[in-house]
Amino acid sequence: MNSDLHTRLQSALDSLSPPPLIKSYGRLIRVNGLTLTATGGQFAIGEKYQVESVDGVWYDVEVIGFNQAEAYLMPLKKAQNLCSGGRVRPAAKVSTVAISEKLLGRVVDAQMQPIDNLGDLDKDDTVNLSKLPKDYSLTPLERKGVTEPLDVGIRAINSLFSVGKGQRLGLFAGSGVGKSKLLGMMTRYTSADVVIVSLVGERGWEVKEFIEQSLGKEGLKKAIVIASPADDSPLLRIKAAELSHRLAAFFRDQNLNVLLLMDSLTRYAQAQREIGLSVGELPASKGYPPSVFSKLTQLVESSGNSEKSKGSMTAIYTVLAEGDDQQDPIADNARAILDGHIVLDRTLAEKGHYPAINIGASISRVMPNIVTPEQLDYCYKLKKLYSRYMQVHELIPLGAYQAGKDPELDSAVALYPEIESFLCQGLNEKFDFAQSAKQLNDVMGKLNVK
């Protein structure tokens, strides 16, 4: 009897339909530029929500600040037809994109969506984007030192500004002096196992040009490109930079040597400036609020080597020197927190000298720890001779330079054609680390410079 009653009760229960759940919505109360203000909920910084427009379209937004009961939101994409009193609801958290070496060769946006027309990314619940730690920062005692060189395939850099595995290096340049071409060459010729390319704030056509021309099919095979062009929301530009660091740290922890190329650190800072000013933060230096400089340090410090991994994470950031001003606040701050800088000179570029590296203004702070004493000695001597030549190069065509009065200056003038040829490199030429060091020895040995 009890069994029959239980069956009848279970059948009756199954026939009942669950009542609709009560949903609670916040409300949109203000729109000011890119900043939306909402109230009526418990909004957490960094959480994603959705805002409803008058035509029923829900737009993704993210919380960037709050003031008592009011929350400041910013759309991830252009939002239209918003109205006062529009509903605000939490966004569903769905992210099952698998993180593995199968991502190599793909181009994605800041939200890890493919934009290369090669189909959807593999989905997996074991290792996916949502399970990656958002903060890969290491404590000082968790960091591993830089002790080995990383071959980047560029002769001048390998020999004179050797890059170490785990180094953070800045590539300082104005517009149109060849930094994108140089990044493309590094991607194609580096000995790193995985290359993460982060294109932040570039013009849309430049993204395609970089992938097709600078990177090429060969470079793309072992690279993952994260692109967030200039017309993206500042939030997406920030996310693209942070996503590239999370992916690079993941592959580093898989015991792989990773090279992270980010173009550019300046556009990242400008995106953070837009966000900071939109929530009422006061500007401190040339319109940049204090949070920008804090964010720059946090981003850069999330790269580097870890004691827990046999892999490495080397990062090269381009810094746009606006108007070729090396004292721009972003350039000045980046120079202080990076482990070296390479400066591209417009004057050299105009002469057809590529890569247009100003060897006098460039330095690698880890180079003494990763190269032989002989290479380091030749490096210093070549830079000294180059500097001496530059002091008199304008006098030579005028006949004002007289040989025989300064032996070192005479050596600099005689050796300069060899030095200039050594520093130049074609787009399709590759020189590994050993070749670069040997050719540096050959150049310096031609005049018996000991």
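Phe 43 is buried in this predicted model, its relative accessible area being 12%. Its ring pairs with that of Tyr 49, and a search of the whole structure finds six aromatic pairs. Beyond these rings, the model contains a closed barrel of six strands and a helix 5 that is mostly covered.

**Aromatic pair Phe 43 and Tyr 49**

- The ring centres of Phe 43 and Tyr 49 lie 5.0 Å apart, with the planes at 55°.
- The pair is classed as tilted because stacked rings have planes under 30 degrees apart and edge-to-face rings have planes over 60 degrees apart.
- Tyr 49 has a relative accessibility of 10% and therefore counts as buried, the cut-off being under 20%.
- Phe 43, at 12%, falls under the 20% cut-off and so is buried.

**Tyrosine cluster**

- The rings of Tyr 389 and Tyr 416 have centres 3.8 Å apart and planes at 10°, so this pair is stacked.
- This pair links distant parts of the chain: Tyr 389 belongs to helix 11 (residues 373-392) and Tyr 416 to helix 12 (residues 407-423), with their positions 27 residues apart in numbering.
- Both Tyr 389 and Tyr 416 are buried.
- Tyr 386 joins Tyr 389 and Tyr 416 in a cluster linked by ring pairs.

**Charges over rings**

- Arg 87 places its charged end over the ring of Tyr 25, at 4.6 Å from the ring centre.
- Arg 89 lies over the face of Trp 58, and the distance to the ring centre is 3.7 Å.

**Strand barrel**

- The six strands of the closed barrel follow the order 1-2-5-4-3-6, and their pairing is antiparallel.
- From one strand to the next, the twist averages 45°.
- Strands of a sheet pair through backbone hydrogen bonds, in either a parallel or an antiparallel arrangement.
- Five bridges connect strand 3 (residues 48-52) with strand 4 (residues 58-67), which pair in the antiparallel sense.
- Lys 48 has Glu 62, in strand 4, as its bridge partner.

**Helix 5**

- Helix 5 covers residues 234-252, a run of 19 residues.
- At 1.5 Å a residue, helix 5 should span 27 Å, and this agrees with the 28 Å between its end C-alpha atoms.
- The expected value is 27 Å because the 1.5 Å rise is multiplied by one less than the number of residues.
- Of the 19 residues in helix 5, 17 are buried.

Methods. Residues are numbered from 1 along each chain as its sequence is written. This is a predicted model: local features need pLDDT of at least 70, side-chain atom pairs count only at pLDDT 80 or more; totals for chains, interfaces and linings use all residues. Side-chain values use heavy atoms; hydrogens and water are left out. Helices (H or I, at least four residues) and strands (E, at least two) are DSSP runs, numbered from the N terminus. Buried means under 20% relative accessible area, exposed over 50%, partly exposed in between (1.4 Å probe, protein chains only). Rings of Phe, Tyr and Trp (its six-membered ring) pair if their centres lie within 6.5 Å; planes under 30 degrees apart count as stacked, over 60 as edge-to-face and the rest as tilted. A charge sits over a ring if NZ of Lys or CZ of Arg is within 6 Å of the ring centre and within 35 degrees of the ring normal. Two strands pair if DSSP finds at least two bridges between them. Axes are lines fitted to C-alpha atoms, for helices over the stretch in contact, and angles run from 0 to 180 degrees between N-to-C directions.
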